[in-house]
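This report describes the fold and the cysteines of one protein chain. Please consult the sequence and the structure shown here while reading.

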Amino acid sequence: MKHTKRIAALLLALALCFSCAACSKTVGSYRVVKTLGTEQFRIGFRDGDQAAVYVNAALKVLAADGTVHSLALKWFGTDNTTFDSDSGALDALGDLPQRTFIMGLNEERFPMSYADGDGYSGFDVELAQAVCARLGWTLQYQPISNQNAYVELSSGNVDCAWGGMVLDQTDSKDSKNKKKQKMTLTAPYLENELQLIVRGDSKYRTAGSLKGTTVLLGTDETYMAALSADEKLMKAFGAAQRVTGGSKACFEALSAGDCAAIVADSTALAYYTH
């Protein structure tokens with residue numbers, strides 16, 4: 001009888017270990033205790049704007065010559081981008097028109113695009129710089145939110161929505177009627193996870209163990225929407241505090257011990273652990 005109880009206890013312990021392993025993973029000095037959602041980054045253009053043709057062609061050339069790969073390694077430590085490759089894509093377009101190209105970017109989506117001193121930096125920013133260098137265009141920046149990308153494009157305030165942008169052609173404010181927005185979108189070029197992350201040396205091993213603690217997240221609506229989708233988890237936290245600076249500010253606070261957990265991007269986690 002005692003032998004049977006020992007076996008049962010051992011099986012239960014193993015089951016708990018497997019369950020814990022399934023819901024969390026250690027990455028560098030951090031632990032992902034829950035994935036809250038998955039999204040894909042795209043670039044959006046005004047419907048009918050030829051800029052989309054030229055930018056896409058330049059991206060194909062940059063994918064072919066290794067520029068995209070080098071930037072991905074710099075920012076993420078690995079290259080999971082899915083840009084098409086064609087070294088002759090720009091040659092097929094003939095003479096390139098000269099213009100000033102205004103990049104609408106989200107300055108809260110580190111490391112894709114973020115405010116850096118008096119300017120902007122990030123994977124998308126450096127890639128846009130490389131694109132404009134190939135095209136001979138002058139690049140300017142304009143901070144916008146993901147939610148207002150269509151309005152900014154259609155009004156002419158920006159020529160593209162690019163920089164941590166998760167776009168589709170359905171107006172999120174009119175989800176019941178599924179109103180279509182006239183944007184030209186690239187194919188997704190990088191996948192990102194919204195993750196609940198703790199320090200690897202903390203006592204927190206699962207999302208459930210964070211009950212009553214403080215979680216930090218960026219001011220972009222993407223983070224709060226992902227957290228709020230899990231009502232049970234949202235109610236368990238003692239506080240959910242938004243901070244400016246996106247995932248960069250969240251990781252800095254977590255490393256300093258100013259919070260128990262953060263909601264951040266897997267691309268940011270890759271940046272800090274490669």
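## The open sheet

In this predicted model, an open sheet is formed by 5 strands in the order β8-β4-β9-β3-β10, with mixed pairing. The edges are β8 (138-143) and β10 (183-185), each of which pairs on one side only. Strands of a sheet pair through backbone hydrogen bonds, either parallel or antiparallel.

Within this sheet, β3 (residues 44-46) and β9 (residues 160-161) are antiparallel and share 2 bridges. One position can be located directly: G44 has A161 of β9 as its bridge partner. Helix α2, which spans residues 51-64, lies across β3, β4 (100-105) and β10. The direction of α2 is at about 150° to that of β3.

## Strand β12 and its partners

Strand β12 covers residues 214-218 and is mostly covered, with 4 of its 5 residues buried. Which strands pair with β12? Strand β13 (residues 239-243) runs parallel to β12 and is joined to it by 5 bridges. Strand β14 (residues 261-265) also pairs with β12 in the parallel sense, over 3 bridges.

Individual residues mark both pairings. G218 stands opposite V243 in β13, while L217 has V263 of β14 as its bridge partner.

## Cysteines

How many disulfides does the structure hold? The number is 0. C132 takes part in no disulfide, and its nearest cysteine sulfur, that of C160, is 7.9 Å away. A disulfide is a covalent bond between the sulfur atoms of two cysteines. The cut-off applied here is a sulfur pair within 2.5 Å.

Why is C250 not bonded to C259? The sulfur of C259 is the closest cysteine sulfur to that of C250, but the two are 7.1 Å apart and therefore too far for a bond.

Are C132 and C250 buried or exposed? C132 is buried, at a relative accessible area of 3%. C250 also counts as buried, because its relative accessibility is 0%.

## The protein as a whole

The secondary structure comprises 9 helices and 14 strands. The protein has 274 residues, of which 43% count as buried. The exposed surface is about 13500 Å², and carbon and sulfur atoms supply 50% of this area.

Contacts may also be viewed by separation along the sequence. Among contacts with a separation of 6 or more, 75% are between residues 24 or more positions apart.

Key. Residues are numbered from 1 along each chain as its sequence is written. This is a predicted model: local features need pLDDT of at least 70, side-chain atom pairs count only at pLDDT 80 or more; totals for chains, interfaces and linings use all residues. Side-chain values use heavy atoms; hydrogens and water are left out. Buried means under 20% relative accessible area, exposed over 50%, partly exposed in between (1.4 Å probe, protein chains only). Two strands pair if DSSP finds at least two bridges between them. Contact means heavy atoms within 4.5 Å. Axes are lines fitted to C-alpha atoms, for helices over the stretch in contact, and angles run from 0 to 180 degrees between N-to-C directions. Accessible areas come from the Shrake-Rupley method with a 1.4 Å probe; for residues, only the protein chains shown count as cover.
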